[in-house]
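Subject: The structure I promised you

Hi,

Here is the structure we talked about, with its sequence. Have a look around first, then read on for what turned up in it.

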Amino acid sequence: MQNILILDSEPEICDIIAETLRMKGYRTFSSPSGRRGVYILKRRKIGLVIGSSDLLDIGYEGFVSELGAEPGHPRFIRIQKNPDEQYASLTDIIKLPIED
């Protein structure tokens, strides 16, 4: 079973994503802050991070910086309205709103 970390400043978003993933058999962890997310990542074996770019306490750049350059970091899918190109090589990006 893969562990997935969900980061979003809105707990309702975390809950919706977590419930959907749990129904598919994944174990989920949630955090409304980037610092708490880093804390979880350093203590759990996480295979995937799904997160918004509005990590209000440290921001996306701060999140990446706090993780450091250690090997073995999980894949990060970033959800945001206006993706910048600076970190496109580090993450997959889901652009909002999602259009058909």
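Let's start with helix H3, which covers residues 59-67 in this predicted model. Its buried residues are Gly-59, Tyr-60, Gly-62, Phe-63 and Leu-67. They span an arc of only 160° around the axis, so they end up on the same side of H3. After the helix comes Gly-68, with a positive phi near 75°.

Two neighbours in H3 are worth clicking on. Tyr-60 lies in this helix, and it counts as buried because its relative accessibility is 5%, where the cut-off is under 20%. Glu-61 is in H3 too, but it counts as partly exposed because its relative accessibility is 43%, which falls between 20% and 50%. You can relate both to Gly-34. Tyr-60 is 26 residues from Gly-34 in sequence, and their C-alpha atoms are 7.7 Å apart in space. For Glu-61 and Gly-34, 27 residues apart along the chain, the C-alpha separation is 10.0 Å.

Now for helix H2, residues 34-43. Which residues of H2 are buried? They are Gly-34, Gly-37, Val-38, Ile-40 and Leu-41. Here too the arc around the axis is only 160°, which puts these residues on the same side of H2. What do they pack against? Their partners are strand E1, strand E2 (27-31), strand E3 (48-52) and helix H3. On the face turned away from the buried side you'll find the exposed residues Lys-42 and Arg-43.

Have a look at the start of H2 as well. Ser-33 sits in the loop between E2 and H2 and caps the N-terminal end of that helix. One of its side-chain oxygens is 3.1 Å from the backbone nitrogen of Arg-36. Is Ser-33 buried or exposed? Its relative accessible area is 18%, so it is buried, the limit being under 20%. Beyond its neighbours within four places in sequence, Ser-33 is in contact with Leu-7 and Asp-57.

Next, the nonpolar cores. The largest one has 13 residues. Within it, Leu-5, Leu-7, Leu-41, Ile-46, Val-49, Phe-63 and Phe-76 touch the most other members. Strand E1 (3-7), helix H2 and helix H3 are the elements that give it two or more residues. You've already met two of these residues: Leu-41 is on the buried list of H2, and Phe-63 is on that of H3. Another core, of 9 residues, lies apart from the largest one and includes Ala-18, Leu-48, Ile-50 and Ile-79.

One more residue to try is Gln-2, in the segment before E1. It is partly exposed, at a relative accessible area of 36%. Which residues does Gln-2 touch, not counting those up to four places away in sequence? They are Tyr-26, Arg-27, Gly-47 and Leu-48. Gln-2 and Arg-27 are 25 residues apart in sequence, with their C-alpha atoms 6.3 Å apart in space. The side chain of Gln-2 also reaches the backbone oxygen of Gly-47, at 3.4 Å.

Zooming out, the protein chain has 3 helices and 5 strands. Read from the N terminus, the order is β-α-β-α-β-α-β-β. Of its 100 residues, 39% are buried. If you take contacts between residues at least 6 apart in sequence, 58% of them join residues at least 24 apart. The chain exposes about 6500 Å², and carbon and sulfur atoms supply 51% of that.

Before you lean on any of this, check the confidence. The average pLDDT of the chain is 76, and 70% of the residues score at least 70. Where is confidence highest, and where is it lowest? It is highest in E2, at 94, and lowest in strand E5 (residues 92-95), with a mean of 48. Over residues 87-100 pLDDT stays under 50; the model has 28 contacts beyond four places in sequence for this stretch. Where pLDDT is low, the predicted coordinates shouldn't be read in detail.

Have fun with it!

Terms used:
Residues are numbered from 1 along each chain as its sequence is written. This is a predicted model: local features need pLDDT of at least 70, side-chain atom pairs count only at pLDDT 80 or more; totals for chains, interfaces and linings use all residues. Side-chain values use heavy atoms; hydrogens and water are left out. Buried means under 20% relative accessible area, exposed over 50%, partly exposed in between (1.4 Å probe, protein chains only). Helices (H or I, at least four residues) and strands (E, at least two) are DSSP runs, numbered from the N terminus. The arc is that of the directions from the helix axis to the C-beta atoms. A nonpolar core is a set of buried Ala, Val, Leu, Ile, Met, Phe, Trp, Tyr and Cys residues joined through side-chain atoms within 4.5 Å. Contact means heavy atoms within 4.5 Å. A polar contact is a pair of N or O atoms within 3.5 Å; within protein, one must be able to donate a hydrogen and the other to accept it, and residues adjacent in sequence count only if both atoms are side-chain atoms. Accessible areas come from the Shrake-Rupley method with a 1.4 Å probe; for residues, only the protein chains shown count as cover. pLDDT is the predictor's confidence in each residue, from 0 to 100.
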